[in-house]
Amino acid sequence: MTATITPPRAMLPPSLLEGLDDPDTLVETEPDTAVPAKTNELLIICESGDLERMWATTILASGAAASGWNVNVFFTFWGFFPLVKPGVRITGTNWMQRMLAVMNRPGIDHAKTSKFNFLGMGPWMMKKLAKKNGVAEPRELLEMAQAMGVHLIPCQMSMDMMGIRREDLIDGVEEPVGVATVLEIIASGATPLFI
Amino acid sequence: MTSTEIAHRVDARGLSCPLPIVRTAMAVKDLPSGSLVEVLATDPGSVKDFTAWSRTTGHRLLNSSVTDGVYRFVLIRK
């Protein structure tokens, strides 16, 4: 790798700047082809399930995967509902779990905004704006992330508590696990994000 | 071995973050090493993003230019 890095103008004494036309343009870097010596690893704990946070989760997951990172997303609590596949309206086996699914519609397309939800008007307008600006929806980003090998890991505890079955979940998710597995991923060097 | 012909074009015009890099990453995956890839984008953030992306992934950013609001990146697949 050859790199000539010129310090910013502000860092140089004025005497050194004399005679130089434009020191800021002298920066020239040759890409280091040997950069990925180690694989970067990311672990996102997807806890909230709000639309804007699902956006953050799926943008980071797909962007990191596109940059060659090994990415794991752990879905827990409110963040678990977006993992339910489209077409499954009511989840749960008892009335309380079903009530939860009635109040908090499962599926990534039904995520609510934390502000200005207005019975779905907020998310509808947000997605309209997104489309106009060429921003992919969380569902599309999640599909791309999956295609790039992002590991989607369901939380066993959330699954049991909410009464959600394996067959309610979208295809391609990993085995449900618990906190010890999540901690092991972090301990192995993954950057943890709680979203 | 670097070829001199553009092996693949990614049209990311009108797309916002993270789609330009995601589309490009998905496109280069199956190309042989050394392939030339051209990306067109309109997202102003993609200028810095493609520089960072090529540094992270090891794909080489050969050229970055802008014409009438369309950014053009030429990359060599790692």
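**Chain A, its helix pair, and the contact with chain B**

Let me start with chain A, where buried residues make up 34% of the 195 residues. Please keep in mind throughout that what we are looking at is a predicted model. The secondary structure of chain A comes to seven helices and six strands, and if you read along the sequence, these follow the pattern β-α-β-β-α-β-α-α-α-β-α-α-β. Of the contacts in chain A with a separation of 6 or more, 71% are between residues 24 or more positions apart.

Turning to the interior, the largest nonpolar core has 60 residues, and those with the most contacts inside it are I44(A), A61(A), A65(A), V73(A) and F75(A). The largest share of this core comes from α2(A), which gives nine residues. To take one of the well-connected positions, V73(A) touches, once residues up to four places away in sequence are left out, I44(A), C46(A), T57(A), A61(A), V150(A), L152(A) and I153(A).

Now to the helix pair. Two packed helices are described by the angle between their axes and the distance between the axes. Here the axes of α2(A) and α5(A) come within 9 Å and cross at roughly 30 degrees; because angles under 35 degrees count as roughly parallel, α2(A) is roughly parallel to α5(A). The crossing of α2(A) past α5(A) is left-handed. On the α2(A) side we find M54(A), W55(A), T58(A), I59(A), A61(A), S62(A) and A65(A), and these meet P138(A), L141(A), L142(A), M144(A) and A145(A) in α5(A). By class, the residues of this contact divide into ten nonpolar, two polar and no charged.

That brings me to the second chain. The contact between the chains takes 18 residues from chain A and 19 residues from chain B. On the side of chain B that touches chain A, the elements that give two or more residues are α1 (19–28), α2 (46–57) and β3 (60–67) of chain B, and by class this side has ten nonpolar, six polar and three charged residues.

Which residues of α1(B) are buried? They are L19(B), P20(B), I21(B), V22(B), T24(B), A25(B) and V28(B), that is, seven of the ten residues of a helix that is mostly covered. In chain B, these buried residues pack against β1 (6–12), β2 (36–41) and α2, while in chain A they pack against α2 (51–66) and α5 (138–147). So that we end where the two parts of this talk join: the helices of chain A against which the buried residues of α1(B) pack are α2 and α5, the pair that I described as roughly parallel.

Terms used:
Residues are numbered from 1 along each chain as its sequence is written. Chains are lettered from A and ligands numbered from 1 in the order in which they are written. This is a predicted model: local features need pLDDT of at least 70, side-chain atom pairs count only at pLDDT 80 or more; totals for chains, interfaces and linings use all residues. Two residues are in contact if their C-beta atoms, placed from the backbone, lie within 7 Å. Helices (H or I, at least four residues) and strands (E, at least two) are DSSP runs, numbered from the N terminus. Ala, Val, Leu, Ile, Met, Phe, Trp, Tyr, Cys and Pro count as nonpolar, Asp, Glu, Lys and Arg as charged, and the others, Gly among them, as polar. A residue is buried if 20 or more other C-beta atoms lie within 10 Å of its own, exposed if 12 or fewer, and partly exposed in between; C-beta atoms are placed from the backbone. A nonpolar core is a set of buried Ala, Val, Leu, Ile, Met, Phe, Trp, Tyr and Cys residues joined through C-beta atoms within 7 Å. Axes are lines fitted to C-alpha atoms, for helices over the stretch in contact, and angles run from 0 to 180 degrees between N-to-C directions. Angles under 35 degrees count as roughly parallel, over 145 as roughly antiparallel, 65 to 115 as roughly perpendicular and the rest as oblique. A crossing is left-handed if the near helix is turned anticlockwise from the far one by less than a right angle, and right-handed if clockwise.
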